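Hi there,

Here is the structure I promised to pass along. Have a look at it first, and my notes follow underneath.

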Amino acid sequence: MKLHEYEAKKIFKEYGIPVPESFLINKGDDLNSINVDKEVVLKAQVLVGGRGKVGGILFASNKEEFIKKANELFNKEVKGEKVEKILVEEKLPIEKEYYVSIIIDRDAKKPLIIFSTKGGVDIEEVAEREPEKIIKYHIDIKKPFLPYIARWIVKDAKLPSNEIGKVADVIYKLYKIFKDLDATMVEINPLVITKDGNVYAADAVLHLDDDAAFRHNYEMFEEYKNKEKLPFAYVELDGDVAVIGNGAGLTLASMDIINNLGRKPACFLDIGGGADTETVKLALKKVLENKNVKGIFINILGGITRCDEVAKGIIEVLKEHPNIKFAVRMMGTNEEIGKKILEEHGIPYETSMEEAGKKLIEMLS
Ligand code: GDP
Ligand code: MN
């Protein structure tokens, strides 16, 4: 789960990481009642990075400008995402921009702190052009992460002595957040040093591990806990052919078939092993929620999953959607009964997945 900047900053503040003074506005709010008498930054609250480069960050220095810029942002899409909320912050007098993040290094199986004195830009770019400007530190999770370790990191980066304490303190607290909240990634870019020598998290990215939601009481986790729990694995994609299979491998192979035939999958949906009629119905309803879907490719290899159960689910849902094109590949346990059910309802099926895929693409073209 990705948090919005304003949510992440709320947590930063609780942990004592300095963030700029701010307030949040929502689309539709009465902007006339808001008084702006100093320079502010208007930041679109969307879950994509690099907002600055695409006009998602605007500046204003009085009320009139503020209203104009806020309306401009609310009427804009930032990298395809509609702007519903804007974080309005005091504008910081920036002297320097640093970078700090903590991620999980899956090769080393350890959290990794990344620090750079070259912030405010893409870290990938810095890594490529000036790798010497990046400090990496792996954390040994068996030992406590003590403040002196954070100070080592910034000393390595050759920060001026008056900044070391403040920046190290941010890193120390950032790791505390990372650990306490079961984060998978936390990033401050830029970590700002102001002209008067103070440190601020000017931006905030925080990704939390969904599977840890149950052990947290944060508001944002509540929302996640209340989300529908699907009895299958579903990943929405940007094509228009929904792919449903049983087993991740078979579903991926089905996606390959669609890709090889020149079309793009609209999703990956693995109904898992032993899915019953109800699960199949839910799966089909889920893919039909996506309005881009023009066709559905259903690929079932019956083992503990019974073809008759799957067939029943298919007829119940798809007879209500006469316009949707679909092809079924089905074989294995109770194949004969399943086929009979499909035949009785005039639903085409194949036992070869390549044939089923071809048939569907023909219908769609
Ligand atoms: P991102 O583009 O989505 O990463 O959004 P950021 O919050 O990082 O803002 C992008 C850039 O806008 C920063 O790197 C800064 O250069 C600039 N910016 C953001 N906030 C301030 C501010 O308070 N003062 C000044 N002077 N610049 C800011
Ligand atoms: Mn940023």
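How many cavities of 30 Å³ or more does a search of the whole structure find? The search turns up one. Please keep in mind as you read that this is a predicted model.

**The cavity**

The space in the largest cavity comes to about 30 Å³. Its lining is made up of Ile 244, Ile 271, Val 280, Ala 283, Leu 284, Ile 298, Ile 300 and Val 310. Two elements, α8 (277-289) and β17 (295-302), give two or more residues each to that lining. The biggest contribution comes from α8, with three residues. By class, the lining of this cavity has eight nonpolar residues, no polar ones and no charged ones.

**The pockets**

Now to the open spaces. The largest pocket has a volume of about 1200 Å³, and 45 residues line it. If you want to find its centre on screen, look for Gly 50, Glu 187, Asn 189, Pro 190 and Asp 203, the lining residues that lie nearest to it. Strand β8 (residues 94-105) gives the most to this lining, with five residues. Sorted by class, the lining of the largest pocket has 23 nonpolar, eight polar and 14 charged residues.

The second largest pocket holds about 250 Å³ of space and has 13 lining residues. Nearest its centre are Tyr 6, Lys 9, Lys 10, Lys 13 and Ser 22. At least two lining residues come from each of α1 (5-14), β2 (22-26) and β7 (85-90), and α1 gives the most, with four. Here the classes divide into seven nonpolar, one polar and five charged.

**A strand to look at**

One more thing that you may enjoy tracing is strand β13, which spans residues 205-208. Which residues are on its covered face, and which on its uncovered one? Leu 206 and Leu 208 make up the covered face, while Val 205 and His 207 make up the uncovered one.

β13 also pairs with other strands. Strand β1 (residues 2-3) runs antiparallel to β13 and is joined to it by two bridges; in this pairing, Leu 3 stands opposite Leu 206. Strand β11 (residues 183-194) is antiparallel to β13 as well, with four bridges between them, and there Met 185 stands opposite His 207.

Happy to talk any of this through whenever suits you.

Best wishes

Note on methods:
Residues are numbered from 1 along each chain as its sequence is written. Chains are lettered from A and ligands numbered from 1 in the order in which they are written. This is a predicted model: local features need pLDDT of at least 70, side-chain atom pairs count only at pLDDT 80 or more; totals for chains, interfaces and linings use all residues. Side-chain values use heavy atoms; hydrogens and water are left out. Buried means under 20% relative accessible area, exposed over 50%, partly exposed in between (1.4 Å probe, protein chains only). Two strands pair if DSSP finds at least two bridges between them. On a 1 Å grid over the protein atoms alone, a cavity is a set of points where a 1.4 Å probe fits but cannot get out, and a pocket is an open set with protein on both sides within 12 Å along at least five of seven lines; lining residues have an atom within 4 Å of a point. Grid points are joined across faces, edges and corners, and a volume is the space filled by probe spheres set on the points. Ala, Val, Leu, Ile, Met, Phe, Trp, Tyr, Cys and Pro count as nonpolar, Asp, Glu, Lys and Arg as charged, and the others, Gly among them, as polar.
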